[in-house]
Amino acid sequence: MGTIEETVEIAVPVRTAYNQWTQFKVFPRFVSAVRGVEQIKPTLTRWEIGLGPVSREFLTEVVEQRPDTVVRWRVLGTRVRGAAAFAPLAPDRTSLTVRMAPGDPLGITRRVLGTELGHFKEFIEGLGEESGAWRGTIRDGHVLPAEDRPDRSLVPHWPHG
């Protein structure tokens, strides 16, 4: 099984597209096969997918996440890995490319992936803004601490005039 890949161009800023993508619980609103997503912790989600009377649950770990750039994941207990890469095309346009390897791991074909990305495009363009956001950074499956911003000047002493 090879890698499947699809790209869609979205008429929203990259930040908006990325922010919406990080709202995994909302996926059932635009991905027809997703029945539910439970966010267990920032790096771990439980997905329920199904078609008709057949359903399946699995855990997914986010192994890398860089705001406005990429979300990489793996399905625990399988060789399935995927990534969603975001690239600005203009201030109000984004390219979103989703890759999954090995291909067709959960019955997903290139055609289905393209259709579901089209649903995401319609969803976020229809909203015009994200329904939420998680701007954290994940590396090697670990959430990195947010950069501390000092609440006072870093200048040790204010110059006297």
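Which elements cover the buried residues of H2? In this predicted model, the cover includes E1, helix H1 (14-21) and strand E7 (93-101). The paragraphs below place that arrangement within the overall architecture, and then turn to the core, the hairpins and two individual positions.

The protein comprises 2 helices and 9 strands. Along the sequence these elements are arranged in the pattern β-α-β-β-β-β-β-β-α-β-β. Of its 161 residues, 39% count as buried. When contacts between residues at least 6 apart in sequence are considered, 53% of them join residues at least 24 apart. The accessible surface amounts to about 9,700 Å², and carbon and sulfur atoms account for 53% of that area.

Helix H2 spans residues 110-127. Its 18 residues should span 26 Å at 1.5 Å a residue, and the end C-alpha atoms are 26 Å apart, so the expected and modelled values agree. The buried residues of H2 are Leu113, Glu116, Leu117, Gly118, Phe120, Phe123 and Ile124. An α-helix has 3.6 residues a turn, so residues three or four places apart point the same way. This spacing can be followed through Leu113, Glu116, Phe120 and Phe123, which are among the buried positions of the helix. Glycine 128 follows H2 and has a positive phi, near 80 degrees.

The largest nonpolar core contains 34 residues, of which Ile10, Trp21, Phe27, Phe86, Leu96 and Val98 touch the most other members. Helix H2 supplies the largest share of this core, with 5 residues. The surroundings of tryptophan 21 illustrate how distant parts of the sequence meet. With neighbours within four places in sequence set aside, tryptophan 21 is in contact with Phe27, Val71, Ala84, Phe86, Leu96, Val98, Leu117 and Phe120. Of these partners, Leu117 and Phe120 are buried residues of H2, while Phe27, Phe86, Leu96 and Val98 are listed with tryptophan 21 itself among the core residues that touch the most other members.

Strands E2, E3 and E4 are linked by successive antiparallel pairings. Strand E2 (residues 34-41) pairs with strand E3 (residues 44-51) in the antiparallel sense over 6 bridges, and a hairpin of 2 residues joins E2 to E3. Within this pairing, valine 37 stands opposite tryptophan 47 in E3. E3 also pairs in the antiparallel sense with strand E4 (residues 54-66), over 8 bridges. Here isoleucine 49 stands opposite arginine 56 in E4. The hairpin of E3 and E4 likewise has 2 residues between the strands, and glycine 52 in this hairpin takes a positive phi near 60 degrees. In a regular strand the side chains alternate between the two faces of the sheet.

Two further positions relate separated stretches of the chain. Glycine 2 lies in the segment before strand E1 (4-10). With a relative accessible area of 47%, glycine 2 is partly exposed, because this value falls short of the 50% above which a residue counts as exposed. Its C-alpha atom is 6.3 Å from that of alanine 101, although the two residues are 99 residues apart in sequence. Alanine 90 lies in strand E6 (residues 81-90). At 30% relative accessibility, alanine 90 also counts as partly exposed. Alanine 90 and valine 12 are 78 residues apart along the chain, and their C-alpha atoms are separated by 9.1 Å.

Terms used:
Residues are numbered from 1 along each chain as its sequence is written. This is a predicted model: local features need pLDDT of at least 70, side-chain atom pairs count only at pLDDT 80 or more; totals for chains, interfaces and linings use all residues. Side-chain values use heavy atoms; hydrogens and water are left out. A nonpolar core is a set of buried Ala, Val, Leu, Ile, Met, Phe, Trp, Tyr and Cys residues joined through side-chain atoms within 4.5 Å. Buried means under 20% relative accessible area, exposed over 50%, partly exposed in between (1.4 Å probe, protein chains only). Helices (H or I, at least four residues) and strands (E, at least two) are DSSP runs, numbered from the N terminus. Contact means heavy atoms within 4.5 Å. Two strands pair if DSSP finds at least two bridges between them. Accessible areas come from the Shrake-Rupley method with a 1.4 Å probe; for residues, only the protein chains shown count as cover. The expected span of a helix is 1.5 Å times one less than its number of residues.
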